[in-house]
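Colleague: I would like to go through this model with you. Can we take a few side chains in turn?

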Amino acid sequence: MSNRRLDEKTKRLVYTQDAFSRLDESDDFIFYEKDRFVNHLDANALVVVEKILKSLCIEKSPKILDLMAGWDSHIPSSLQVQTVTGLGLNLRELERNPILDRCIIHDLNQDPRLPFEDQEFDVVINVISVSYLIKPFEVFREVERILKPGGLFLVVFSDRYFAPKAVKIWRDAGMEERLWLVE
């Protein structure tokens, strides 16, 4: 597929009125109230994500924000971190995440503003959750605000997601289009 065709098709998807609608428009706190202690990535994918993060994280002792975090960490235990903050919707899941120093409950779909200071973090990661953002442009601008200059924003996604809460554009897009959307 040529980039031109990809761009035109994806732009049509992005600018439709219902692009960021979901099959289940109920309050996210209700959906995420139920614990989901499931593996969102298989063992091989987790190893790859950890290797990528370790190779891209160049700070000696980074402050990391795990955006839309859950019970399982995607941060390699061998990475020497200063702090890891997890922002998510299920406190029980966040409390089971062994690498988190701080847990914050915050619904980015209700309020895309991140409750952090400007340039607070060296690294922000979002692993397999971008498909659920109904205001991704606003959230990404907030990530830019809270990242230190030269900081790393790593977005990892797969073809697995909870369809009722995934936005329409994500459900309708192929992998190449999803890459374009995240970029």
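**Side chains in turn**

Modeller: Serine 73 is a good place to begin: its position is the loop between strand 1 (63-67) and strand 2 (83-88). Keep in mind that the model is predicted.

Colleague: Is serine 73 buried or exposed?

Modeller: Its relative accessibility is 15%. Buried means under 20%. Serine 73 therefore counts as buried.

Colleague: Which residues does serine 73 touch, leaving out those up to four places away in sequence?

Modeller: Contact here means heavy atoms within 4.5 Å. With residues up to four places away left out, the partners of serine 73 are Leu46, Glu50, Asn97 and Ile99.

Colleague: Which backbone nitrogen lies 3.1 Å from a polar atom of the serine 73 side chain?

Modeller: A polar contact needs N or O atoms within 3.5 Å. The 3.1 Å partner of the serine 73 side chain is the backbone nitrogen of isoleucine 75.

Colleague: Where does isoleucine 105 lie, and which residues form a nonpolar patch with it?

Modeller: Isoleucine 105 belongs to strand 3 (residues 102-105). Its relative accessible area is 36%, so it is partly exposed. Patch members need over 30%. The patch on the surface has about 230 Å² of accessible area together, and Ile105 shares it with Phe29 and Leu91.

Colleague: Now the cysteines. How many disulfides are there?

Modeller: Cysteine 57 is buried, at 7% relative accessible area. Cysteine 103 is partly exposed, at 33%. A disulfide requires two cysteine sulfur atoms within 2.5 Å. By this rule the number of disulfides is zero.

Definitions and conventions
Residues numbered from 1 in each chain as written. Predicted model: local features only at pLDDT ≥ 70, side-chain atom pairs only at ≥ 80, totals over all residues. Heavy atoms only, no water. Patch = residues over 30% accessible without salt bridge, like charges linked within 9 Å, V, L, I, M, F, W, Y side chains within 5 Å. Areas by Shrake-Rupley, 256 points an atom, 1.4 Å probe, with all protein chains shown as cover. Salt bridge = Lys/Arg side-chain N within 4 Å of Asp/Glu carboxyl O. Helix = DSSP H or I, 4+ residues; strand = E, 2+ residues; numbered from the N terminus. Buried < 20%, exposed > 50% of the residue type's maximum accessible area, 1.4 Å probe, protein only. Polar contact = N/O pair within 3.5 Å; in protein donor to acceptor, adjacent residues only side chain to side chain.
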